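Reader: I am new to this structure, and I would rather understand one part of it well than skim the whole. Please choose a single part and take me through it slowly, explaining each term as it comes up.

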Amino acid sequence: MTPMLSRALLRGQAIGMLLLSACSVEPLSGPPEVKLGRSECAACGMIISEERCSSALLVDLEGRREHRLYDDIGCMLDDEGDVGLEGVVLQRFVHDHDTRAWVEANLATFVLVERDAIPTPMGSGIVAYATREAAVRSAAANAGQMHDYPSAAVARRDWMHRRITRPR
């Protein structure tokens, strides 16, 4: 084999390996990276500036996965509850209010308080905790109600309904 043919074969193999590695990209999974001061809430358009109140959905849009970021857990609950949310929700993530670590929403305990008791970016008064013990402390300190994700979604819908249909 000539040196020129040998180099051409090596280049061909290198290009082939690059193409194969590009085809085997893992699908998007897990929580997103939130760029504080730059990432935008998918529901209200506000710039996300408070990490411990932010949340995210991982959705599948006809085979393409993407994260939808939210500045407030209330925004995520509202967005997911709306009929217009595109795609299939694969995972839900919230930040632990104390540690700021990502937690899968179905494993978190939510505390709903009056909007002034625990300030949140959009005034929902909804925060999440990775442990039930932390949620119990927060609920007791702030006269809050504890929920799992499904019951937090129902409580949020009920609150929004009362707020919108309240006589003026």
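Author: What follows is a close look at helix α4, with a short view of the chain before it and a few residues elsewhere after it.

This is a predicted model, in which local features need pLDDT of at least 70 and side-chain atom pairs count only at pLDDT 80 or more, while totals for chains, interfaces and linings use all residues. Residues are numbered from 1 along each chain as its sequence is written, and side-chain values use heavy atoms, with hydrogens and water left out.

The protein chain holds four helices and seven strands (DSSP runs numbered from the N terminus, H or I of at least four residues for helices and E of at least two for strands). Along the sequence their order is α-β-β-α-β-β-β-β-α-β-α. Of the 168 residues in the chain, 35% are buried (under 20% relative accessible area, with exposed meaning over 50% and partly exposed in between, for a 1.4 Å probe and protein chains only).

Helix α4 spans residues 149-165, and its axis comes within 10 Å of the axis of helix α2, residues 73-81, crossing it at roughly 85° (axes are lines fitted to C-alpha atoms, for helices over the stretch in contact, and angles run from 0 to 180 degrees between N-to-C directions). The two helices are therefore roughly perpendicular to each other, a word used for 65 to 115 degrees, whereas under 35 is roughly parallel, over 145 roughly antiparallel and the rest oblique. From α2, Gly74, Met76, Leu77, Asp78 and Glu80 meet Tyr149, Ala152, Ala153, Arg156 and Met160 of α4 (contact means heavy atoms within 4.5 Å). The residues of this contact divide into six nonpolar, one polar and three charged (Ala, Val, Leu, Ile, Met, Phe, Trp, Tyr, Cys and Pro count as nonpolar, Asp, Glu, Lys and Arg as charged, and the others, Gly among them, as polar).

Arg156, which belongs to helix α4, deserves a separate look. At 9% relative accessibility, Arg156 counts as buried. Apart from neighbours within four places in sequence, Arg156 touches Gly74, Leu77, Asp78, Ser124 and Ile126. Ser151, also placed in helix α4, is partly exposed, with a relative accessible area of 26%. Between Ser151 and Phe110 there are 9.1 Å from C-alpha to C-alpha, although they lie 41 residues apart in sequence.

Helix α4 also takes part in the largest pocket, giving five residues, the largest share of its lining (on a 1 Å grid over the protein atoms alone, a pocket is an open set of points with protein on both sides within 12 Å along at least five of seven lines, a 1.4 Å probe that fits but cannot get out marks a cavity instead, and lining residues have an atom within 4 Å of a point). The volume of this pocket is about 340 Å³. The residues closest to its centre, out of 16 that line it, are Leu112, Val113, Glu114, Trp159 and Arg162. The lining divides into six nonpolar, five polar and five charged residues.

Finally, a few residues outside the helix. Ser55 is found in strand β1 and, at 0% relative accessibility, counts as buried. Ala143 sits in the loop between α3 and β7, has a positive phi of about 50° although it is not a glycine, and counts as exposed at 72% relative accessibility.

How values were computed. Points joined across faces, edges and corners; volume = space filled by probe spheres on them.
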